[in-house]
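Trainee: Hi, I'm new to this one. Could you walk me through it?
Mentor: Happy to; here it is.

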Amino acid sequence: MWPGSVLLRSFTKPPWPLLLAVAALGLLLSYISKGHAVLPDFCGAVVGMLPYSRWPDALDAAFALNSSLRVLTDWALMIVAMMPPLLAMPLMHIWRSSLSRNRLGVSAAFVATYWGVWMAMGGILTAFSLTLRIALGEGALAGATMLALLWSATPLHRAALNRGHRVRRISLFGWRAHRDGLTFGVLHGLWCVASCWAWMVVPLVAGVWHIPLMVLAGVVMLTERLSLPGPPRWRWPLVVSIVTRPAFSLLAAGGSGRNHG
Amino acid sequence: MSVVRQDVATLGAGWNKVLLNYALAMRELDKLPISNRNSWKFLAAIHGFDTQLWSDLKLLQTGDQVPDDLISDTYGNQCQHGSWYFLPWHRAYLFAFESIVAAKVKELTGDEWALPYWNYLDAGNPQARRVPEAFLAETLPDGDPNPLRKYPRRAGFSEIPSGLSLAAMEENDFLVGKDGAISFGGGISGDFVQFGGWTGALELNPHNAVHRMVGGDSGFMGDPLLAGLDPIFWLHHCNIDRLWEAWMSTPGKTMVRDPRWLEGPADRRFIMPNVGGADLGLNVAARDTLRGGKFHRRYDDLTRGTGVAPGAEAVVRVKMGSPESQSVEPIGANEEQVRVGGAPVRTQLTLESASMSAGVASMGATETGKEVSRLYLALESVRGKAPSPLLDVYINLPDGADPHGHPEHLAGSLTLFGLNVASRPDGAHGGNGLSYTLDISDLVQRLANAGNFNPSQIRVTLVPGEQISEESAITVGRISVLKRHGVVVN
């Protein structure tokens, strides 16, 4: 049997179909709401590279031209479009660890704080992407992509991915169960931000390619997220392996390819 | 090769031909550099390898070139524990090892050779638990040092003490439930699924127990990073493999049919070296290890020391329906992570009273169509630094009682083999450690019959054994009670 069919079959098991559907919905809403246009336009007002001394003025002007509510809404939809598939493992852990009557509540608590962490990062990453546009002009997309590739190659990135594999104890009863869901969401969100931030910047500076690059970055982040943990060291970014290695070994390439116990 | 694997006890005392050939081949393979994929060290490193540890133990000499494929993503550190790939991966591993040793034996002596198994649970052999004499002898018949005792074992080791069990063979299902927390062969892993590293019943005992009993805290068998160096490792795993084969050959047992297992894993690759170590190794899918597959081998006997009689219905426990139709739900847990150091630790579990009572009431059901339950104690995300610590688990011990004086409260003894590796934050388990389930149905029934059971709560006492101390403590992320539920079928 072709290994890819085994790989794809794994995505037919719950909760993958639901999470992929939520991501697709987020993507659709991003497209409909024209969020794909606002963030790039946000940066597009600045054409070409500006000297360092004018960056603060340019940033002020860009923020003044766009409502912060709209920027946050677009960022929120971006998170909905890109992050759900990354949550399969922690959600499965919560589901299997909880009383049946608590499963939805604890899962919701986890998602809420996880989402909250990403929302808190929205302003920082948006400002960073805008700075990139101001600094690099039309070269911002190439710069952001290079930055993401570089980050994916670092030991720190691998270490953050490893920590993202860590599951936490979920209490079985009462408020403790929900507390544990909230805590797990925060911690998982922080490690997710640490491993994914660079790829999130790429669609933010992509201009008219915003939506396609959301999809591409989402696939890269999912592949990295699913790769097995391994020793933190410099390595080829997973996306490079995707291009250069057979499909079967793609995911193993990101981790150590080991499952040793 | 059509040679059948045989019980080492039936091959003759002392330096019988099979063991002598094994020693001669090992001596030659152990001379090869680790960069050679057929070398003894390379074969052992496929199971587990750590450059620093091996250097500290002088297993790597100055000038040794550690090949990239041991420390990168291919051959090294592949061993599967706490996983439904535990049995198929080790079967393929045995096949590759046996092929390489057999080729060397053929080259040296012209003899055919097959890996023998150590049938330590053969009740018909009073010497079954004693390690074969050839593994203890100082020298070969020609007076040269004996390679079969080259690598260290527990000080003074010559025989496995009591404590092994064939209870795993009573389990009817390779795995049950959505994640395989309860299983004969290990929990679901790989394939983008991450659960707690659930250890299967056969892996827990006798597999883990034998590793600890032979290796102790300083012998190589006690550490997965070193175990493959000890030549007795292979006879031990050959017996584990035979137990799996015997289990599969017994009517009433349900092997996993999940295509993810059969064709998997999807998210990584298992690979074994060829004879000669050619670049293209042998890719392994779990399906390849089943009867008719390229890694399958025959045994001379599947009855002695297996607890089952292949071909005959041997269902000790009531059949609870297909694995897919059974459910596994947590119905109780403790409130905080538990740390176990140098002294016993007690923790209290709160239970869903109604669910627990219903579970206890239906445990003894035998009538077809009736609901039936079994209860399990789950130790989740156990972490620690030691390679194979021992932990005894008691339920509802009287206050102040010496645990060892109350074996009637013992739920089980756990050898946490591989805990060191599974607990590494940057290891393949993501630092989540390993998880274990103990069937407590009979114990709970006895306690309930004696009036010593409260369906709202139970007390669990964790008693540290060897390799657990204040300096080398373990933590247990959560202790829970799982209810396995099904319907009695014929």
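Mentor: We'll go through one chain, then the other, with some single residues at the end.

Trainee: Anything I should know before we start?
Mentor: This is a predicted model, where local features need pLDDT of at least 70, side-chain atom pairs count only at pLDDT 80 or more, and totals for chains, interfaces and linings use all residues. Residues are numbered from 1 along each chain as its sequence is written, while chains are lettered from A and ligands numbered from 1 in the order in which they are written.

Trainee: Cool. How many helices and strands are there in chain A?
Mentor: Chain A has 13 helices and zero strands. Here helices (H or I, at least four residues) and strands (E, at least two) are DSSP runs, numbered from the N terminus.

Trainee: And what is the mean pLDDT of chain A?
Mentor: The mean is 85, and 78% of the residues in chain A reach 70 or more. pLDDT is the predictor's confidence in each residue, from 0 to 100.

Trainee: Where is confidence highest and lowest in chain A?
Mentor: It is highest in helix α10(A), residues 174–204, at a mean of 97, and lowest in helix α13(A), residues 250–254, at 43. Over residues 247–261 of chain A, pLDDT stays under 50. For that stretch the model has 68 contacts beyond four places in sequence. Two residues are in contact if their C-beta atoms, placed from the backbone, lie within 7 Å.

Trainee: What about α7(A), how far apart are its ends?
Mentor: The end C-alpha atoms of α7(A), residues 103–136, are 47 Å apart. That agrees with the 50 Å that its 34 residues should span at 1.5 Å a residue. The expected span is 1.5 Å times one less than the number of residues.

Trainee: Where is the kink in α7(A) centred?
Mentor: On A:Gly122, with a kink of about 35°. The bend at a residue is the angle between axes fitted to the seven residues ending there and the seven starting there. After α7(A) comes A:Gly137, whose phi is positive, near 60°.

Trainee: How much of chain A is buried?
Mentor: Of its 261 residues, 46% count as buried. A residue is buried if 20 or more other C-beta atoms lie within 10 Å of its own, exposed if 12 or fewer, and partly exposed in between, with C-beta atoms placed from the backbone. Also, among contacts in chain A between residues at least 6 apart in sequence, 80% join residues at least 24 apart.

Trainee: Switching to chain B, what is it made of?
Mentor: Chain B has 11 helices and 13 strands. Buried residues make up 56% of its 490 residues.

Trainee: What is its radius of gyration?
Mentor: Chain B has 22 Å, which agrees with the value near 23 Å for a compact globule of 490 residues. The radius is taken over C-alpha atoms, and the globule rule is 2.2 Å times the number of residues to the power 0.38. Along the principal axes, the C-alpha atoms of chain B fill a box of roughly 65 × 50 × 45 Å.

Trainee: Why is β13(B) described as largely enclosed?
Mentor: Because 12 of the 14 residues of β13(B), residues 474–487, are buried.

Trainee: Which strands pair with it?
Mentor: Among them is β8(B), residues 371–384, joined to β13(B) by 13 antiparallel bridges. There, B:Leu379 stands opposite B:Ile479. Six bridges join β5(B) to β13(B), also antiparallel, with B:Ala333 opposite B:Ser480. Three more antiparallel bridges join β6(B), residues 338–340, to β13(B). Two strands pair if DSSP finds at least two bridges between them.

Trainee: Does β5(B) have another partner, and if so which?
Mentor: β5(B), residues 327–333, pairs with β7(B), residues 345–351, in the antiparallel sense over two bridges. β7(B) in turn pairs with β12(B), residues 457–464, over six antiparallel bridges.

Trainee: Last topic: is B:Tyr75 buried or exposed?
Mentor: B:Tyr75 counts as buried because it has 24 C-beta neighbours inside 10 Å. Beyond four places in sequence, B:Tyr75 touches B:Ile46, B:Asp69, B:Leu70, B:Ile271 and B:Pro273.

Trainee: And what does B:Arg130 contact?
Mentor: Leaving aside neighbours within four places in sequence, B:Arg130 is in contact with B:Ser158 and B:Glu159. B:Arg130 counts as partly exposed, with 16 C-beta neighbours inside 10 Å.
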